[in-house]
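Colleague: Please pick one part of this model and take me through it closely. Keep it plain; I am new to this.

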Amino acid sequence: MLLAARKAFWLTPRATFRCYSSGDLLIDDSSYSWLKKDLGLQADNKGVFNGSWSGTGNTVTSICPSNNSPIARVQEGSVADYHETIRRSKKAWEIWADVPAPRRGELVRQIGSAIRDKIDPLSRLLSLEVGKIFVEGKGEIQEYIDMCDYSVGLSRMVGGRVMPSERPGHMLLEQWNPLGVVGVITAFNFPAAVLGWNQSLATICGNSVIWKPAPTTPLIAVAITKILQSVFESNDFPPELFSLVCGGADIGNTMAHDKNMNLLSFTGSTNVGKKVGTIIQERFGKSILELGGNNAIIVDEDADLALTIPAVLFACVGTTGQRCTTTRRLMVHESIHDTVVERLRNAYSQVTIGDPLDDGVLYGPLHSQQAVKIFENAVSEAKSQGGTVVYGGERLERPGNYVAPTIITDLQHDSNVVLKESFAPVLYVLKFSDINEAIRWNNEVDQGLSSSIFTANMEKIFNWIGPKGSDCGVVNVNIPTNGAEIGGAFGGEKATGGGRESGSDAWKQYMRRSTCTINYSKDLPLAQGIKFQ
């Protein structure tokens, strides 16, 4: 997650967001009439929903990364708007908590269906506002839909264990109950998917939800919120069960400090995540932290390069290198290093760069002009530390925030630039001689999000996923570091934050567990055989 997006939570300067007159906006161009017709957006939109639409904060303009043209305006919420929103959210929760989980699941099923009906315009909006290519935007919306499908089934399965009691006439069991209000702060790069991970699970678990998107992606937030509003209203439930507060540092800061916020999911940088986690821990609150990732792929000497090269290509240039799971370090066995580099250069040269809404384009712009500066600084720093640019390395001369996907060799594994996550399409290729050496290099960075190894050696595979292998939360074999499925829990270790979202037992974070002992007998035996007479 790019620093520019991460500052969305805490540090975003208001001067970043110019306001434009109506005649300048893309939404008023007939080519973009679908924004109004299909998604209900306008030139001027309110950025707060808590049962009704409002907003008394600053007005920001959403910018299209492919040409830096203004799309539409959104009036953000103020701190007062946030406090009113959480008041309404807590009141709505009083109703929702009593609704049986399968009935809550039916609402989530309808949400998934409603989003599916709008998948094409939502995907186009992601391309327009985020900058990712259309097929990836569509994949992100599909991920939200898939999470809804998953959560519907889960709504009939969430529950605790019944355990044997050592005392006669006693029942020992776990009871899981909703937390209350769940806050979700998303970064710019996956606003819909990360919301989907959280909202679908939080909703079937009996919570109300408040969403604060990145300030640079308010339009997709407004569009999605309108869809959820219609589903709750059509089922005669308070629509403020899903609320929206667009805003910047003031809103995020207030959410972190607010004792009424029972769980806060934050996606962003390690630096900001550390502040969020500290504030929440000081009030003994609950948080889910999805932070940075300096991810690596290891290519061993026996790797199938027909499998490896396309996997590395997608892992490095997919979403223009702006996934938290993007591969930033490629460790290649010395015997095949030169071959891999040459094949990668050839693969990079065939990547079609262009407008993310155009057919056949595989690589679009970076999200912001600040992201371009991060890219340029990373390349400059790598050169100063002995790196050789073998592909790319420059900004592309065209409208928008375009840079060339870049490959850099000849750096040491522990160079400062290699150990630091730069949220840009820059790949550092490192040469190793021993697989254990490569595993140590994988583990030496602060973050521990995603990792992968390409090998056919079964012993190395099981060592890789074992206790002395990768220390990441996502440990892959013969696939890229990115593109995780929803069925598994997603998240990382160390400075990645330790949070888990999406599948497996991630739902437990959205509920509180009570251990209950029920005495249905006429006697009062004590545990551990204690006699208190």
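**A strand and its neighbours**

Modeller: Start with one pairing: Lys 212, in strand S9, is the bridge partner of Ile 185. This is a predicted model, so local features need pLDDT of at least 70, side-chain atom pairs count only at pLDDT 80 or more, and totals for chains, interfaces and linings use all residues. Residues are numbered from 1 along each chain as its sequence is written, and side-chain values use heavy atoms, leaving out hydrogens and water.

S9 covers residues 208-212. Strands (E, at least two residues) and helices (H or I, at least four) are DSSP runs, numbered from the N terminus. Two strands pair if DSSP finds at least two bridges between them.

On one side, S9 meets strand S8, residues 181-185. The two run parallel, joined by five bridges. S9 also runs parallel to strand S10, residues 242-245, with three bridges. There, Val 209 stands opposite Phe 242.

How does the chain get from S9 to S10? It passes through helix H8 (residues 218-234), and this β-α-β crossover is right-handed. Right-handed means this: with the strands pointing away from the viewer, the path from the first strand over the helix to the second runs clockwise. S8, helix H7 (residues 191-204) and S9 make a right-handed β-α-β unit too.

Is S9 buried or exposed? Five of its five residues are buried, meaning under 20% relative accessible area (exposed is over 50%, partly exposed in between; 1.4 Å probe, protein chains only). Ser 208, Ile 210 and Lys 212 point one way, Val 209 and Trp 211 the other.
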